[in-house]
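Student: I should like a close look at a single part of this model, followed outward into whatever surrounds it. Please take me through it in one connected account.

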Amino acid sequence: MTVGRDPGGRLTYDEPDYGDEGGFRVAGRAEAGPVSPFGGARHPDPCSVVMFGVTGDLAHRKLIPALYDLGCHGVLPAGTTLVGYGRRELSDAQFRDLLQGAIDDHYGVEGVDGDVCRLVLEAPRYVQGEFDDPEGFARLAALLDELDRQGSRGNRMFYLATPPSQFPVLVEQLGAAGLARPGAGRDPDAACGWTRVVIEKPFGRDLETARELDRVIGQVFDERQVYRIDHYLAKETVQNLLVLRFANVIFEPVWNRRYVDYVEITAAETLGVEHRGPYYEEAGALRDMITPHLIQLFSLVAMEPPVAFDADAVRDEKMKVLRAVRPIPPESIADWAVRAQYVSGVVDGEEVPGYRDEERVAPDSYTETYAALKLVVDNWRWQGVPFYLRTGKRMARRVTEIAIHFKRPPVLLFKDAMASGGLQPNVLVLRVQPDEGFSLTIESKVPGHDVALQPVAMDYSYGTTLNELPFSAYETVLVDAMEGDMTLFTRGDQAEEAWRIVAPVLEAWAQRPQRDISIYEAGSWGPEAADALMARDGHSWRQPTKGDGT
Ligand SMILES: NC(=O)c1ccc[n+]([C@@H]2O[C@H](COP(=O)([O-])OP(=O)(O)OC[C@H]3O[C@@H](n4cnc5c(N)ncnc54)[C@H](OP(=O)(O)O)[C@@H]3O)[C@@H](O)[C@H]2O)c1
């Protein structure tokens with residue numbers, strides 16, 4: 001393989017044969033690199049990517065492989081350097097080995113191309129220091145100046161991939177070291193560069209802590225520099241939701257209370273807590289998934305059309321609909337929210353232990369591994385349409401989807417012709433993962449002389465229809481941040497509003513940690529209490545099965 005640079009200075013590969021045996025997940029992609037869902041190939045600026053938490057799980061499993069993949073596609077321009085900052089004593093060479101290990105683990109040693117690897121991680125650098133050590137940050141500042149002279153042009157992206165408890169100290173140290181200002185580099189030619197900070201979830205643990213974190217960040221960075229991650233929003237189908245709604249005329253007229261009966265948003269995992277027991281014990285399903293991800297998905301489904309596809313316009317509309325969510329009444333939390341914990345069961349044919357028997361989980365833990373929430377929106381578009389959000393670990397199937405259930409026709413012409421079960425209302429399902437795509441179920445006539453009806457699915461799958469694999473969410477997140485596109489990142493007020501919505505539930509659950517918590521068997525679709533939550537409104541949760549097209 002020969003590696004070169006194009007006239008714009010980006011790395012090029014003249015033989016990117018990631019063919020069938022190559023073992024690369026990237027096989028079959030366009031060689032030009034990621035393309036924005038709203039048009040145009042991606043051309044981020046060169047920059048120094050400073051990663052805090054680079055020795056952690058997220059960096060190992062997601063961030064480093066994502067950078068590698070971007071490098072494989074020539075998306076990272078010359079002058080882009082990964083800089084790790086951490087407390088471990090590592091030489092640059094040991095740091096490179098650590099990165100190589102993450103890539104090997106992700107792609108399989110067979111599939112990794114050493115040449116690409118060296119280039120993608122072109123001379124990565126490592127700075128040893130504690131997070132509260134001003135001298136460590138001074139060394140970091142000196143290194144960034146050096147990198148500016150070598151081509152990063154004063155552009156710095158600080159990625160906080162650490163436990164949230166470390167966010168404030170890191171932000172403060174960046175401020176104190178003079179690294180938070182745009183154009184902080186001392187090289188006069190690089191003085192025009194940008195400085196951005198990317199912050200992992202969770203953003204606070206409740207409204208108060210989110211506000212406090214915002215206050216700390218606001219003292220050091222301008223909101224325009226802050227990129228709060230919601231990697232769900234970077235998934236292809238989620239972005240396609242905006243295209244589906246606003247680039248077609250047939251959906252928007254029915255996207256309201258006249259035609260929509262109810263909406264379900266599901267994020268179900270088959271995995272347990274793995275080795276993240278301590279984190280999960282603190283977080284629980286509501287904090288881990290509903291606040292940072294599902295409420296943001298909800299806002300994309302429910303928002304009004306933005307006046308433009310820019311970050312401010314989209315985020316303004318999301319904010320408006322979040323503000324329209326009716327406060328959950330503290331006196332009847334159980335009618336609006338359900339929590340549960342899994343006990344042992346069978347997932348994918350294998351016996352698995354209950355949550356309390358997981359590694360580094362308290363044997364008497366009351367942390368919820370399942371949460372369901374009902375939201376209603378007090379605006380003209382959605383009055384009377386409930387939105388049901390649910391998430392759980394050790395569920396029957398790994399699936400994230402948004403299901404829009406439409407109303408029944410006002411008159412039933414085909415009473416005698418319907419298959420058993422009655423007329424099935426139309427359902428539009430957007431599959432976020434796996435098998436990204438969407439399907440619409442409609443009633444159809446069964447071929448033959450008789451008039452018999454049966455629901456059929458019109459199915460669209462990214463993999464088969466466009467013969468393209470979607471890019472990983474973290475690739476999108478990294479490139480968006482490097483390009484300064486904030487559309488898919490959560491603004492501070494949105495993060496706070498999400499906490500405002502769940503605050504009564506968190507409070508009630510904290511007051512009665514041992515009450516109102518149900519159990520569900522691992523490998524099931526969740527607790528009976530969640531079924532009852534829906535049943536009270538005359539609805540039931542979907543139980544999507546693989547390949548059912550709906
Ligand atoms: N892992 C995931 O799947 C995942 C998914 C979504 C979001 N996130 C978010 O990503 C962030 C990182 O998660 P993670 O799972 O990667 O955590 P992790 O495996 O525990 O890694 C934490 C990293 O932070 C460093 N660190 C922690 N405390 C430190 C301290 N006091 N001083 C210096 N370094 C310290 C660790 O360094 P050492 O190696 O020296 O200990 C390590 O590099 C969290 O905000 C998490 O919520 C993670």
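Tutor: The side chains of arginine 542 and glutamate 401 are joined by a polar contact of 2.6 Å. The model is a predicted one. Arginine 542 is located in the segment after H13. With a relative accessible area of 12%, arginine 542 falls under the 20% limit and therefore counts as buried.

Tryptophan 541 belongs to that segment too, the one that follows helix H13 (528–535). By the ring-pair rule, the count comes to 19 aromatic pairs. In one of these, the ring centres of tyrosine 388 and tryptophan 541 are 6.0 Å apart and the planes stand at 75°, so the pair is edge-to-face. The two partners come from distant parts of the chain, 153 residues apart, with tyrosine 388 contributed by strand E14. Both tyrosine 388 and tryptophan 541 are buried.

A further ring pair gives a contrast in geometry. Phenylalanine 438 and tyrosine 460 have ring centres 5.0 Å apart and planes at 40°, so this pair is tilted. It also links distant parts of the chain: phenylalanine 438 is in strand E17 (residues 437–446) and tyrosine 460 in strand E18 (residues 452–461), with their positions 22 residues apart. Phenylalanine 438 has a relative accessible area of 17% and is buried; tyrosine 460, at 18%, counts as buried as well. Elsewhere, Phe52, Tyr85, Phe131, Phe137 and Phe158 form one aromatic cluster.

Tyrosine 388 leads back to its own strand. E14 spans residues 387–392, and 6 of its 6 residues are buried. The cover extends to both faces: Phe387, Leu389 and Thr391 are buried on one side, and Tyr388, Arg390 and Gly392 on the other. E14 has strand partners in two senses. Strand E9 (residues 260–268) runs parallel to E14 and is joined to it by 6 bridges; within this pairing, threonine 266 has arginine 390 of E14 as its bridge partner. Strand E13 (residues 370–375) pairs with E14 in the antiparallel sense, over 6 bridges. There, leucine 373 has leucine 389 of E14 as its bridge partner.

Beyond E9, the chain enters the loop that leads to helix H8 (277–302), and glutamate 274 is placed in that loop. Glutamate 274 is not a glycine, yet it has a positive phi of about 50°. At 40% relative accessibility, glutamate 274 counts as partly exposed. Aspartate 348, likewise not a glycine, has a positive phi of about 50°. Its position is in the loop between strand E11 (345–347) and strand E12 (350–352). With 66% relative accessibility, aspartate 348 counts as exposed.

Other loops contain cis peptide bonds. One joins glutamine 433 and proline 434, with omega about -15°; proline 434 is in the loop between strand E16 (427–433) and E17, the strand that also holds phenylalanine 438. Another cis bond runs from lysine 201 to proline 202, with omega near -5°. Proline 202 occupies the loop between strand E7 (195–199) and helix H6 (207–220).

Among the helices, H7 (residues 236–246) has 8 of its 11 residues buried, so it is largely enclosed by the rest of the structure. Its buried residues are Thr237, Val238, Gln239, Asn240, Leu241, Leu242, Leu244 and Arg245.

The ligand site completes the account. There are 22 residues around the ligand, of which Thr55, Asp57, Leu58, Arg61 and Arg88 come nearest. By class, this shell has 10 nonpolar, 5 polar and 7 charged residues. Helix H1 (residues 57–72) supplies the largest share of the shell, 3 residues. Several polar side-chain atoms approach oxygen atoms of the ligand: that of threonine 55 at 2.6 Å, that of arginine 87 at 2.8 Å and that of arginine 88 at 2.6 Å. Taken alone, the ligand exposes 890 Å², and the protein buries 80% of that.

Arginine 61, one of the residues that come nearest to the ligand, also has a spatial relation to isoleucine 103. The two are 42 residues apart in sequence and 8.4 Å apart in space, C-alpha to C-alpha. Isoleucine 103 is part of helix H2 (residues 92–107), and its relative accessible area of 0% makes it buried.

How values were computed. Residues numbered from 1 in each chain as written. Predicted model: local features only at pLDDT ≥ 70, side-chain atom pairs only at ≥ 80, totals over all residues. Heavy atoms only, no water. Buried < 20%, exposed > 50% of the residue type's maximum accessible area, 1.4 Å probe, protein only. Helix = DSSP H or I, 4+ residues; strand = E, 2+ residues; numbered from the N terminus. Pairing = 2+ DSSP bridges. Near = heavy atom within 4 Å. Polar contact = N/O pair within 3.5 Å; in protein donor to acceptor, adjacent residues only side chain to side chain. Areas by Shrake-Rupley, 256 points an atom, 1.4 Å probe, with all protein chains shown as cover. Nonpolar A, V, L, I, M, F, W, Y, C, P; charged D, E, K, R; others polar. Phe/Tyr/Trp six-rings, centres within 6.5 Å; stacked < 30°, edge-to-face > 60°.
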